[in-house]
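Got your viewer open? Let's take a short walk through this model, one selection at a time.

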Amino acid sequence: MSAPTQQQSSYREAVRAGLHEALQQDERVFLMGEDVGAYGGCFACSKGLLEEFGPERVRDTPLSESTFTGMGIGAALGGMRPIVEIMTVNFSLLALDQIVNNAATYLHMSGGLFNVPLVIRMATGGGKQLAAQHSHSLEGWYAHIPGLKVLAPATLEDARGMLLTALEDPDPVLIFEAAVLYPMEGELSPVISSVSIDRANVIRTGRDLSIISYGASLHKGLGAAEQLSEEGINAEVIDLRSLRPLDDATIIGSVKKTRRAIIVDEGWRSGSLAAEISARIMEQAFYELDAPVERICSVEVPMPYAAHLEQAALPQVTSIVEAARRMVVRNG
Amino acid sequence: MSDPEHALHLFHQMLRIRRLEEKSAELYSAMKIRGFLHLYIGEEAVAVGVAQALAPEDAVVATYREHAHALVRGLPAKSIMAEMFGKQDGCCRGRGGSMHFFDIETRLYGGNAIVGGGLPVAAGLGLADKLQNNTRLTCCCFGEGAIAEGEFHETMNLAVLWQLPVLFLCENNLYAMGTALERSESQTDLTQKAASYGMRAAAVDGMEVLAVEAAASEAAHFIREKRAPCFLECRTYRFRPHSMFDPELYRSKEEVETWKQRDPILTFKTQLFDKGMLDEARLDHLEQQVAAEIAEAVTFAEASPLEPVDDLTRFVYSERSPE
Ligand SMILES: Cc1ncc(C[n+]2csc(CCOP(=O)(O)OP(=O)(O)O)c2C)c(N)n1
């Protein structure tokens, strides 16, 4: 039997396919958020779903991030499987109370009585010239919070499958979709299913250094690896996929092999997820390292509007390549 | 008050709350209970009156001042006391404490110590009921302080917009910690706030248990019939400080004394005596019954083991499979 043929899809269509499948699979699932219905989603991820599933299951909400997120918690406690969409991570700050004080705590505070099977999706990251209130990468903050799981799909398969995985989870799961990736085209398996989130993916194997990244930055890491290979530097590239929990085994296993690590993280450097990963490498692989860990993060400035400034603020392929050269040459 | 048995039941419930709270204060001074402790003394008629309007399958979302609601809904005093002692047999295995009681059987969804934080959750429970065609309702308790929070307004709007079966129970005790209502609200008639969202809204004397019962029953009836939300303000007063750390600089002793004349338990007791439904002997019997219940709860809490420290990180994520 020949393998089923891959389909052409965009990341956006993959997200939509996941939503469609989730709504079709389980009566208890409903989607709720600002402009998810009549508008089709601010990034068009839920286009057509209102028409197909009706306003009870594709619910347009008023501009009330805190309350509709909290209602997702209540509905989850009440036996439903809500998917809450928050337009972007910046707006999720208005719902921080519900996410951090309620969703993340109920299970523990209740001594194990009440779990909250809630999925929250939102767009994250810069690169679209949306300036300082629509472009930040704050998923690392959420990854700080025990009680939450934090996913960051960087591939089409994950954009579709992680949503289904999250819905199978008994606890709150946050999914961060990189806004710049929505138009990304690629191939998608015709078989729709959830994906395991237990392990990070080694997307490209190599022996000289490990580029550890996730989301939109992953693709910059891959670009850098491509360029480095032309110079004879053989980079391994890891897609973290899950930011909480982190897959230490894959990260440390790779670093022990390559002896050098670059972490590419669109969050700001100070107090970042990159800082956490770096610390774990120090703790678990210090004596195996041939060079200090490098971090390629966003410059510590609110995201500027002008294209050249924004690009200067974001991690770039060239900065990854330069860091890689430094590390390899130094230890030649 | 035609049914003496029911009247005595109401009285008994209020007494249980009062004595439990008094004991808790005492145990706080004895350092058996720690953390924040917010007492309900003075407000008993509210919890007891409202509970009469609720069915066993209804849900309650409460604040950190929730001991009374938990108790009258049927959470055993033993579980409550053990929780406040931080013990393993507490309703939340000592992880919640005084401010965070949860219970599956009585559908108590917290004990929320973020002012306003429970309102969206209650609306969500209402949404789940609506979507599943359940006939039950959710009672959401909050202080008048919560009305200044954005979450209150967002929730009022959505509850009406989506016609959610939720009873929004505002326990207006006139002070949010030390801030008097008129120092925090431009409009002190709180029913107008809810009514401005198109919500059915009423206010009732929260010191009169029968009045609260009647108003809450009417509201609950409306919610069940119309599958729509209702706002009920109970005007009450807390006789004790906000928590155990409160020198009460913001109100006069005279004011507190004046309100104490309206003590919901004393006034109801007088009514029961006047009607011949209660006499000294029966009162004595009730007091003894309540004292025994609470003494048993304390003994139970004392004897309960501590949760092992090895279990510290349990219940951060679920241990069971989804279904
Ligand atoms: C969001 C938030 N802000 C501040 C506090 C601190 N705080 C705890 S109780 C309280 C007063 C609340 O008053 P009210 O809602 O009227 O309830 P009451 O205590 O009178 O029952 C305040 C300010 C808090 N817990 N949560």
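Before we start, one term: a polar contact is a pair of N or O atoms within 3.5 Å. Keep in mind, too, that this is a predicted model.

**Stop 1: the ligand.** Select the ligand and show what lies around it. You should find 15 residues surrounding the ligand, the closest being B:Tyr64, B:Arg65, B:Ala113, B:Gly145 and B:Asn173. Now pick out some oxygen atoms of the ligand. A polar side-chain atom of B:Tyr64 lies 2.7 Å from one oxygen atom. For B:Glu144, a side-chain N or O atom is 3.0 Å from an oxygen atom of the ligand. With B:Ala146, look at the backbone instead: a polar atom there is 3.5 Å from a ligand oxygen. How much of the ligand does the protein cover? On its own the ligand has 580 Å² of accessible area, and the protein covers 72% of that.

**Stop 2: where the chains meet.** Zoom out and colour chain A and chain B separately. Their contact takes 46 residues from chain A and 42 residues from chain B. Between them, about 3,700 Å² is buried, with carbon and sulfur atoms giving 62%. Select A:Met71, A:His108 and A:Met109: this trio supplies 18% of the area chain A buries against chain B, more than any other three residues.

**Stop 3: what crosses the boundary.** Hunt for salt bridges between the two chains and you'll count zero. Polar contacts do turn up, in 17 residue pairs.

**Last stop: helix 3 of chain A.** Highlight helix 3 (65–77). Helix 3 gives the most to the side of chain A that touches chain B, with nine residues. That whole side divides into 18 nonpolar, 17 polar and eleven charged residues.

Methods:
Residues are numbered from 1 along each chain as its sequence is written. Chains are lettered from A and ligands numbered from 1 in the order in which they are written. This is a predicted model: local features need pLDDT of at least 70, side-chain atom pairs count only at pLDDT 80 or more; totals for chains, interfaces and linings use all residues. Side-chain values use heavy atoms; hydrogens and water are left out. Contact means heavy atoms within 4.5 Å. Buried area is the accessible area (1.4 Å probe) that two parts lose on being put together, summed over both. A salt bridge is a side-chain nitrogen of Lys or Arg within 4 Å of a carboxyl oxygen of Asp or Glu. A polar contact is a pair of N or O atoms within 3.5 Å; within protein, one must be able to donate a hydrogen and the other to accept it, and residues adjacent in sequence count only if both atoms are side-chain atoms. Helices (H or I, at least four residues) and strands (E, at least two) are DSSP runs, numbered from the N terminus. Ala, Val, Leu, Ile, Met, Phe, Trp, Tyr, Cys and Pro count as nonpolar, Asp, Glu, Lys and Arg as charged, and the others, Gly among them, as polar. A residue is near a molecule or strand if one of its heavy atoms lies within 4 Å of it. Accessible areas come from the Shrake-Rupley method with a 1.4 Å probe; for residues, only the protein chains shown count as cover.
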